[in-house]
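Visitor: I should like to learn how the features of a protein model are read. Could we take them one at a time?

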Amino acid sequence: MQSLLILVPLVCLMLFNLPWKRGVGQAVSFGAGLAFLAAQAAAALWAMLSGGEPFADPLAGFLVFKTSADGLTWVMLLTIAVVAASSLAVSRAAFTDEKDRFYFANLLFVSVIGMNGAALSGDLFTLYVFFEAASVASFILIAFRRGMAGLEGAFKYLVMSTVATVLMLTGVGFFMLAGAGTSFAEVRAACLQSAHPEFARVGGLAFMAGLFIKGGMVPFHGWLPDAYGTAPGPVSVLLAGIVTKATGVYGLIRLTGSVLPMMPEVQTLLMTLGIVSIYAGALAAIGQSDYKRMLAYSSISQVGYIVLALGCRTPLALAGAVFHLLNHAVFKSLLFSNAAAVESRLGHNDMNRMGGLQAQMPWSSLSAVIGLLSTAGIPPLGGFWSKVIILLALWQAGFHAAAVLALAASLLTLAYFLSMQRRVFFAKGTETGSAVTEAGAAYLWPQLALAGLTAAIGIGFPFVYRFLLTPIQQLLW
Amino acid sequence: MNLAGIPFFDACGIAGALLLAAGLYYLLVTSNLIRAMIALELMIKGVTLFLILAGRVTGRQDLAQALVITLIIIEVVIMVVAGGLVLGVFRNTRSVGSRQIRNLKG
Amino acid sequence: MTVDLILLGLLVLAALWAVLSVRLMMSVIGLAAVSVAVSLLMFRLDAPYAAMFELSVCAGLISVIFFVAISFTKRLTAEDIRTHRKERLRKTVWLPFLLAGLAILLVARLKSPGFAPAPDPGGDVRTLLWGGRHLDLIGQIVTLLAGAFGVVVLFKEKNR
């Protein structure tokens, strides 16, 4: 079944663009997209619950695809489907032009194929190829409206992403010098028993440096707020919710969790970068007045938790990292959908010119509260549990200082989010009593569904732990 | 094969590293979008040479060539998209040269 | 060997030419020369298929992309040269020397295997690409599709 997750959207994409009669492709793309993403989510859930795929690959004898899937892959596929579906739903309202919607749906498909391929690949170079497919789609999507800010944000992302891929390929070259091919298994073997272990080590560091840039870790985060902040609403949902996570952060989890062996200096590097990202992101978020830029800095801060957990490198920490990635995807796409809804009604993102939207947009306000409480780690929402697991893993492994620092940063998170909620919705301000109306259903439903999901993950935590996180703990070697 | 005391393969490795360094330098020095594209190209050239060299040294030319062919295709797509972005910037401001990309080094 | 020496010298000179020339067009020509030199080096390193790709696609197609991009901004040439001169002097001129030194040190430090040529020239790239790396090919197709959408979306005349 694995190859279908790449081939079906590819075939759909080609079918949409055949020279049909006017409007047929446009009409079909939205429904087909939602149907495919729902099927993907269902397949991933099935695989997690039953421990096997719903059906065997019908193309197995025909194509020699070297895909591989494990617990982490299924979690990624589920997350990709959820976020992409929300982004597609929001795009329905955000783009008024029929043609724009069609191009958006096409590029979203490209992006989904890229992320699915990356999640299913068992080879470092194939990982790079699919990352590029997803990234190229993102460059175009950020510049979708062809305004100056979007074009600049896209170009900056393009430059940083290309530098990152150069670093990753340098890593691949060093792995080859160490005597390996490019598949995970070969690289792992080369790290353990190579004639030249120093090459494998340099290769691992170079590849990791590239992933740091792609994931937006703090010394390399310059492109991220511009890209998120300047992209159109549904694009920033997709980008912040999943694209940078499924490229940079997923790559880091794979590389440190199941490819590279334990290297003390790498663990120290990851933990340091994690802590620095958590604090730098949170402090920068406090100073922002642009809603979307603030969310972007908050993203940097949350990714810091994931990297911190990866630095700990115990089975529990790995499960916590993956769980936090899932939670982060849910609540960040919720908050970015919220930002898109507010932007669609007001036409700007400046929080100083908002205020008092509570009366006019009560449902948006409610979903924003749920999203921010989950981000700040308030029980019983999903974000609480993943932070608890990460902190617990850090404490168990003896990194007490890191655990305390990470816990303290939660207060900062709560601080900037409450300030945001006050400035946008609760406090009296420019918009008090204005004629703004609640955002339309296409904006509200994804938000409410995601809010329900983050609550469900939190309440059903024992279930989630058993089916999602237990298999992941066995990945570490 | 020796070149002034340095083995040929080592010399190729150094040349690849020089290309990387030249590209990075150019990227940091310039604020012109087209020059930034040239800088990226130089870096990609460096890594291409390095991959082929790694394949030659370890006797995996087939693998190295397969990787490089894929890399070249992707490189072209990225440059086309970058060209499209530069064109868009030009249409917006009628100038590419004087426009600073702020915080590019972030 | 002399051929290799000339090629490496050409490569380094072309790279310096691309980086140091103040005129944008000269930079692009330098880049094309780098491409040609890298491609010929690939022939010398027993990678003919990759070399053909590099020569046709990079030295050819990408140079065309650059020429088109420059032709749009032609009338800014004088201004560009002025700003570039200023920036180049103001910013880190020492950086390339530092990086080159670091690179050479790194290579020297890692030289332990001495980069000996492998006795076995390896398998055929066509067999590997079509037989073992299907997923890469699919990835290429997807990326090309993304590029096609990029052309459609980005090159469209702005109508708002």
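**Reading the model**

Guide: Counted from the N terminus, the elements of chain C follow the order α-α-α-α-α-α-α. The model is a predicted one.

Visitor: How many helices and how many strands does chain C have, and how many does chain A have?

Guide: Chain C has seven helices and zero strands. Chain A has 18 helices, likewise with zero strands.

Visitor: How is a single helix read, for instance helix 2 of chain A, and what span does helix 2 reach?

Guide: An α-helix has 3.6 residues a turn, so residues three or four places apart point the same way. Helix 2 of chain A covers residues 24-50, which is 27 residues. From its first C-alpha to its last it reaches 38 Å, close to the 39 Å expected at 1.5 Å a residue. Just after this helix, A:G51 adopts a positive phi of about 80°.

Visitor: Which residues other than glycine have a positive phi, and where is the cis peptide bond?

Guide: Most residues other than glycine have a negative phi, and most peptide bonds are trans. A:R146, which is not a glycine, has a positive phi of about 55°. A:R146 sits in the loop joining helix 5 (124-142) and helix 6 (148-177) of chain A. In chain C, phi of C:D46 is near 60°, again a positive value in a residue other than glycine. C:D46 belongs to the loop between helix 2 (24-44) and helix 3 (48-72) of chain C. As for the peptide bond, the one from A:P379 to A:P380 is cis, with omega near 5°. A:P380 is found in the loop between helix 14 (362-376) and helix 15 (382-396) of chain A.

Visitor: Is A:R146 buried or exposed, and how does C:D46 count?

Guide: A:R146 has a relative accessible area of 5% and is therefore buried, the cut-off being under 20%. C:D46, at 36% relative accessibility, counts as partly exposed.

Visitor: How should a pair of aromatic rings be read?

Guide: A pair of aromatic rings is described by the distance of the centres and the angle of the planes. Over all chains, the structure holds 18 aromatic pairs. One of them joins A:F323 and A:F461, which are stacked at 5.9 Å centre to centre with 25° between the planes. A:F323 lies in helix 13 (residues 315-346) of chain A and A:F461 in helix 18 (residues 461-473) of chain A, so this pair ties together parts 138 residues apart in sequence. Both A:F323 and A:F461 are buried. The two rings also belong to one aromatic cluster, formed by A:F323, A:F384, A:W385, A:F461 and A:Y465.

Visitor: What radius of gyration does chain A have, and what share of its residues counts as buried?

Guide: A compact globule of 477 residues would have a radius of gyration near 23 Å, and the 21 Å of chain A agrees with this. The C-alpha trace of chain A spans about 70 × 60 × 45 Å along its principal axes. In chain A, 66% of the 477 residues count as buried. Among its contacts between residues at least 6 apart in sequence, 83% join residues at least 24 apart.

Visitor: What are the corresponding values for chain C, and which domains does its assignment give?

Guide: Buried residues make up 45% of the 160 residues in chain C. Of the contacts in chain C with a separation of 6 or more, 57% come from residues 24 or more positions apart. The domain assignment gives domain 1 (1-90) and domain 2 (123-155) of chain C. Their centres, taken over C-alpha atoms, are separated by 25 Å.

Technical notes:
Residues numbered from 1 in each chain as written. Chains lettered and ligands numbered in written order. Predicted model: local features only at pLDDT ≥ 70, side-chain atom pairs only at ≥ 80, totals over all residues. Heavy atoms only, no water. Domains from an automatic or database assignment. Helix = DSSP H or I, 4+ residues; strand = E, 2+ residues; numbered from the N terminus. Expected span 1.5 Å × (residues − 1). Buried < 20%, exposed > 50% of the residue type's maximum accessible area, 1.4 Å probe, protein only. Rg over C-alpha atoms; globule rule 2.2 N^0.38 Å. Contact = heavy atoms within 4.5 Å. Phe/Tyr/Trp six-rings, centres within 6.5 Å; stacked < 30°, edge-to-face > 60°.
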